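Colleague: I'm new to this structure and would love a close look at one part of it. Could you pick a charged residue whose setting deserves attention, and then walk me outward from there to the other side-chain pairings?

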Amino acid sequence: MASVSYQIANLLEKMTSTDKDFRFMATNDLMSELQKDSIKLDDDSERKVVRMLLRLLEDKNGEVQNLAVKCLGPLVNKVKEYQVETIVDSLCANMISDKEQLRDISSIGLKTVISELPLVSSSLAANVCKRITGRLSSAIEKQEDVSVQLEALDILADLLSRFGGLLVSFHTVILNALLPQLRSPRQAVRKRTIVALSHLVLSCNPALYDKLIDYLIEGLSSNVNTSTTRTIIQCIAAICRQAGHRFGEHIERIVPLIVTYTYEDDDELREHCLQAFEAFVHRCPKEITPHIGTITSLCMKYITYDPNYNYDDDGEDGDDGNMETEEEAEDDENDEYSDDDDMSWKVRRSAAKCLEAVISTRHELLPEFYKNVSPALIARFKEREENVKSDIFHAYVAMLRQTKSTAAVTFDPESMEHEELPVCMLQSQVPAVVRALQSQIKDKSIKTRQDCFNLLQELIAVLPGAMSNHMPVLISGIQYSLGDKNSSSNMKIDTLIFVHCLLSSHPPEVFHPHMGVLIAPVIAAVNDPFYKITAEALLVLQQLVKDEAVPILGSFLRKNQRALKLSTLSLLDTLVQNYSHYLYTDLLRSVISEVPPLLSEADLHIAQLTLVLLTSIARVYSGALVDVSDTILPEILVLVKSPLLQGAALDAMLEFFQALVGCRLPGLGYHDVLKLLVRPVAIGSPAANLHKQAFHSLAKCVAAITVIFEHEALPVVEQFMKDVGSANNDAQHVFALLVIGEIGRHIDLSSVGTLKQVILNSFSNVSEEVKSAASYTLGSVSIVLQRLDRLVEPLRVTCTMKVKANSVKQEYEKQDELKRSAMRAVVTLLTIPDADKNPHLSEFVSQIKSATDLQPIFESIQKDTSGLMDCFLMDQS
């Protein structure tokens, strides 16, 4: 506590500096301290911090002021209640200051404090709310300074929203202060009053709620002036949104009044009326039911309300509109109607939104909507205002979603037995929808085109295959939106998503006539530098896997773009595995011909994916690999000798060789591939240039193909045991041991009688690499713990054997070397998982450690072996 007090005192001292930077940094440091959960302030520190922060609210530097007000948030939860009350009193006093900047910063401070008051501590929140509310109500009623009034309304709305239930005793005062503001000459005051009232109704009692509603209804009935009427209707809509469950009982009194105002010649008033209807439909679905017909009719009327613009219907459905030149397009843009005072678009927009609300909540009226509403919406796809057009599309999408969720039977386009079903009615309107979208799908507005594709996706979701007869129109729009001149990244992504949806839901033959023009922009999208566009384009190509697509993908492997190669290899592998019925041998050979340059250590990730692809081809279309000996295998046999090959790339190599020998192709059987793998280190072959990792990789490959032909395992092991004895050099000796070890990791070799002795004999070799290989092999073939018992006893005999008396020096040296070899084997056995649980081995190790002549040798070998073993343990996955 003392250290915290000292630190706080230090910061407070710096906050009094004449240097604004010192004050800023000290306040910033205080902010950091207050945000720590562990900080505890004593009474004196609390008082000083509060006083200093309130003082800094009047600092000459704006940045210091802003930091000080931010500190109030965490401070509220760190000081005692009376300190919070001090803060609130000071901020409220500042709210009516003559200094505008102080008023503003204090207003922000009050909002900060209110937002940080804990909801669980009703005592603190209640006391603070009571201290603030009276002053706020007074400031609102006085109307002396509009800026103070606006801030007070804001803060009161925050209070009511968070702690309305704690202010019940003030609700009447608050209501009496707010109601007159609905008639304020200032629009900003009226709007904030509406927000505050909408929060008040969430917690006020029924009597007060009814008083408010009666006041609003009386105002609607009297119609003192249009401005007040607009405000009252806005307030009614806001109250309905917040308290729909309480508002329902007043629907019958309010709706007829608002309906009459929709006929007034005031666009803003009409907009508010329609917005109120939308709120009623969403929040009072039961009570509004008798008025749904009236509301729908008004929406249908006003969705076409555009008195200042003449829509030219001539040639609307034709193609001529899509063939204009750039000069004509510019002329049209210059001639386009524009009037900043025209508010009719707001009426149409609110009508469209209200219509969407009706459609979304009245699924039982769907057949009626398809008869009357759907044709009207389709006709309004030509709307000139972009935002209004978007809302019209959304209303139609709502109808499509309702159709999908209420479809009771599987749709059969050839059947007319269910003519009155919404899905059938939709089917009959598909041509009209496509005609209406024909020009919109190539509109210069990106938002409009995005809405078009979204609508078409929803339509396809309801009626798969519905676009089969309209492909030319769609393909033209797709080309337009995939072009760089007319598009953005998001537009391209949305277009590709739509194309994927289109391909997934329609029979392949409908795309055949358009394949030539469709593939070109999709391929261009694959080459796009933005990875999201590339990803979506590759998904489209996955659907386009036909005769044209696979060779194109193969050609991508020649491109000098790494990301494209990686994506292409992954896609080709997916196609081979999941869409094999679309492929055939000759088609895949065109891809395989592009593969050899990719099998290089220069990029092991690409090499890995290439091997994965070849493995999939071997398993699905083995005939495509008939010529692999001349084209691919030479590159693979170079790669397998790379010192870099390990991990996932090596695993992919092993799987490829297993799949290859499993194909049983002419000249590529088990023995043929075995010879290819052994040749680099075969007897008589120069192996000096091979890296140590190459022996390891080749041995793993030999083992990989041997374990799937288990009957070949023992003969092969016996042959390599002979190679151990007849090796011309250390490299061949090491390789033979590693092969035996790798096979022993997968197959039980306990039946090979002389194997144990062959391995143990290798520990006597002068070469450290041979000894390490022997250690690795011994550990591998002993991977099952039960086999350890048979190995421990011979090692014990070797370690405890005594040299006969009067023996020559060489006998002693030979015995020491045998002991070292035996203990090297023991160290290897200890690396086997759970080897220490084997009682025989544990007892032997204890015996070694307790023997004065054996312990130093054992510890020395443990240190030496840890480094050498790394050469052969690079990859045991």
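Modeller: Happily! Let's start with Asp573, which is buried but takes part in no salt bridge. The nearest side chain of opposite charge belongs to Arg619, and it is 7.8 Å away. A salt bridge here requires the nitrogen and the carboxyl oxygen to be within 4 Å, so the pair Asp573 and Arg619, at 7.8 Å, does not qualify. Please keep in mind that this is a predicted model.

What does the side chain of Asp573 make a polar contact with? Its partner is the side chain of Gln577, at 2.7 Å. As for its place in the chain, Asp573 belongs to helix α28, which covers residues 562–578. Leaving aside residues up to four places away in sequence, Asp573 touches Val612, Leu613 and Ser616.

It helps to set this beside the wider protein. The chain has 877 residues, and 51% of them count as buried. Its secondary structure consists of 43 helices and 0 strands. If you take the contacts between residues at least 6 apart in sequence, 74% of them join residues at least 24 apart.

Now for charged residues that do find a partner. The count of salt bridges comes to 35. One of them pairs Glu271 with Arg349, with the closest N and O atoms 3.9 Å apart. This pair links distant parts of the chain, since Glu271 is in helix α15 (residues 267–283) and Arg349 is in helix α18 (residues 344–361), 78 residues apart. How exposed are the two ends? Glu271 has a relative accessible area of 7% and is therefore buried, while Arg349 counts as partly exposed because its relative accessibility is 23%.

Another salt bridge joins Asp306 to Arg384, and here the closest N and O atoms are 2.8 Å apart. These two residues come from loops: Asp306 from the one between α16 (292–302) and α17 (326–335), and Arg384 from the one between α19 (366–379) and α20 (386–406). They too are 78 residues apart. Both Asp306 and Arg384 are buried.

A third example brings us back to helix α18. Asp391 forms a salt bridge with Lys353, the closest N and O atoms being 3.5 Å apart. Because Asp391 sits in helix α20 and Lys353 in helix α18, the pair ties together parts 38 residues apart in sequence. Asp391 counts as buried, since its relative accessibility is 8%; Lys353, with a relative accessible area of 32%, is partly exposed. Some salt bridges also share partners, and in this way Asp306, Asp342, Arg348, Arg380, Glu383, Arg384 and Glu385 are joined into one network.

Let's turn from charges to rings. There are 10 aromatic pairs by the rule used here. Phe247 and Phe280 make a stacked pair, with 5.4 Å from centre to centre and 20° between the planes. With Phe247 in helix α13 (residues 244–247) and Phe280 in helix α15, the pair ties together parts that are 33 residues apart in sequence. Phe247 is buried, at 0% relative accessibility, and Phe280 is buried at 0% as well.

A pair with another geometry is Phe720 and Phe735: their ring centres are 6.0 Å apart and their planes meet at 75°, so the pair is edge-to-face. Phe720 lies in helix α36 (residues 713–726) and Phe735 in helix α37 (residues 730–744), so parts 15 residues apart in sequence are tied together. Both Phe720 and Phe735 are buried. Returning to the stacked pair, Phe247 and Phe280 form one aromatic cluster with Phe277.

Charges and rings also meet directly. The charged end of Arg246 sits over the ring of Tyr209, 4.3 Å from the ring's centre. Likewise, the charged end of Arg270 sits over the ring of Tyr305, at 4.9 Å from its centre.

One last stop concerns the backbone. Most residues other than glycine have a negative phi. Arg664, however, has a positive phi of about 55° although it is not a glycine. Where is Arg664 found? It is in the loop between α33 (647–663) and α34 (670–678). Arg664 counts as exposed because its relative accessibility is 63%, whereas Asp573, where we began, is buried.

How values were computed: Residues numbered from 1 in each chain as written. Predicted model: local features only at pLDDT ≥ 70, side-chain atom pairs only at ≥ 80, totals over all residues. Heavy atoms only, no water. Helix = DSSP H or I, 4+ residues; strand = E, 2+ residues; numbered from the N terminus. Buried < 20%, exposed > 50% of the residue type's maximum accessible area, 1.4 Å probe, protein only. Lys, Arg positive; Asp, Glu negative; His and termini not counted. Polar contact = N/O pair within 3.5 Å; in protein donor to acceptor, adjacent residues only side chain to side chain. Contact = heavy atoms within 4.5 Å. Phe/Tyr/Trp six-rings, centres within 6.5 Å; stacked < 30°, edge-to-face > 60°. Lys NZ or Arg CZ within 6 Å of the ring centre and 35° of its normal.
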